[in-house]
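Student: I would like a close look at the salt bridges of this protein, with attention to how the paired side chains are placed. Please take one connected part and treat it in detail before turning elsewhere.

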Amino acid sequence: MQVKVVDYRAADAAEQFTRSLHETGFGVLVNHPIQQALVEKIYADWLSFFNGQSKHDFAFSKEKQDGYFSTEISETAKGFTQKDIKEYFHVYPWGRIPEQLRADAMSYYEQANSLAAELLSWVERYTPPAISEHYREPLSQMIRDSQQTLLRVLRYPPLTGLEPAGSLRAAPHGDINLLTILPAANEPGLQVLGTDGQWFDVPCDFGTLIINIGDMLQEASQGYYPSTQHRVVNPTGEGAKRSRVSLPLFLHPRDEVVLSDRYTAHSYLEERLRELGVKS
């Protein structure tokens, strides 16, 4: 499968990007406005946080879903029995954030959220009328004043060799939200399932920004935009001794947004969180 790389600054970027989302479920942008220096600082600072003990002071809230999720309570991907080999922290503007990490995290949140909103407006502009007429409200309006857009700081720890058979850093899954924005991680491992049924590696060059469709946009578009299955495979050799850090932003609509006859954004999210085992 050929990865379509779109130059964010190109005159036809919006059209090319939206076509890629429709045909493959994801897009790759270069020359994007996300600041590399900020992301690399966040990677380093949060890796130190995950390596310390103060993370346990921020144990996640089942009700609000903010805070620190340990490897012991990590997600179990839908259809799988083994938990993913990862720990992570959920950052919301209204949620708990370690004070020494707050300023950079919120700066990145604002940058990534602004870009995600722009990309969603591209999708809105180039969605065929036969599809967009089924949206209950314009896509750009769905995210207005949303409190649910989530920045997740992920750390995949070094492998010990004692992991349960068949477990992965992240088992194959689709995201729940509308769009996900992901700068290249500090280590490789991310793979996307192509339309030909083959897994292929996503570039780990920082100049690339990966954007994929989530289940909510697939639901709202009646499948026109396919939610991408992706996974993070376990490294071998020296790579197994290193942590992998990544920084996805999950763009979410407001709770009351109607996605389809079957779901509101709230009911969809609640169902998926129960399936993942992080909400009862």
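Tutor: The model is a predicted one, and it holds 20 salt bridges. The part chosen here is a network of salt bridges that links Glu75, Asp84, Lys86 and Arg152.

Lys86 takes part in two of the contacts to be described. Its side chain meets that of Glu75 in a salt bridge, with an N to O distance of 2.9 Å. Lys86 lies in the loop between strand S3 (67-69) and strand S4 (87-91), and Glu75 is also in the loop between S3 and S4, so the pair ties together parts that are 11 residues apart in sequence. The side chain of Lys86 also meets that of Asp84 in a salt bridge, at 3.0 Å from N to O.

Are these charged residues buried or exposed? Both Lys86 and Glu75 are buried. Lys86 has a relative accessibility of 2% and therefore counts as buried, the cut-off being under 20%. Asp84, at 5% relative accessibility, counts as buried because its value also falls under that cut-off. As a general matter, side chains of opposite charge can pair when their charged atoms come close.

A salt bridge within a helix may be set beside this network. Glu275 forms a salt bridge with Arg272, and the closest N and O atoms are 3.4 Å apart. Both residues belong to helix H7 (residues 265-276), where Glu275 and Arg272 are three residues apart, about one turn of the helix. An α-helix has 3.6 residues a turn, so residues three or four places apart point the same way. Glu275 is partly exposed, with a relative accessible area of 32%, whereas Arg272 is buried, with a relative accessible area of 6%.

Beyond the salt bridges, helix H1 offers a view of packing. The 12 residues of H1 (residues 13-24) should span 16 Å at 1.5 Å a residue, and the end C-alpha atoms are 16 Å apart, which agrees. Buried residues of H1 include Phe17, Leu21 and Thr24. The buried residues of this helix pack against several elements, among them strand S1 (5-7), strand S2 (26-30) and helix H3 (99-126). Gly25 follows H1 and has a positive phi, near 85 degrees.

Methods
Residues are numbered from 1 along each chain as its sequence is written. This is a predicted model: local features need pLDDT of at least 70, side-chain atom pairs count only at pLDDT 80 or more; totals for chains, interfaces and linings use all residues. Side-chain values use heavy atoms; hydrogens and water are left out. Helices (H or I, at least four residues) and strands (E, at least two) are DSSP runs, numbered from the N terminus. The expected span of a helix is 1.5 Å times one less than its number of residues. Buried means under 20% relative accessible area, exposed over 50%, partly exposed in between (1.4 Å probe, protein chains only). Contact means heavy atoms within 4.5 Å. A salt bridge is a side-chain nitrogen of Lys or Arg within 4 Å of a carboxyl oxygen of Asp or Glu.
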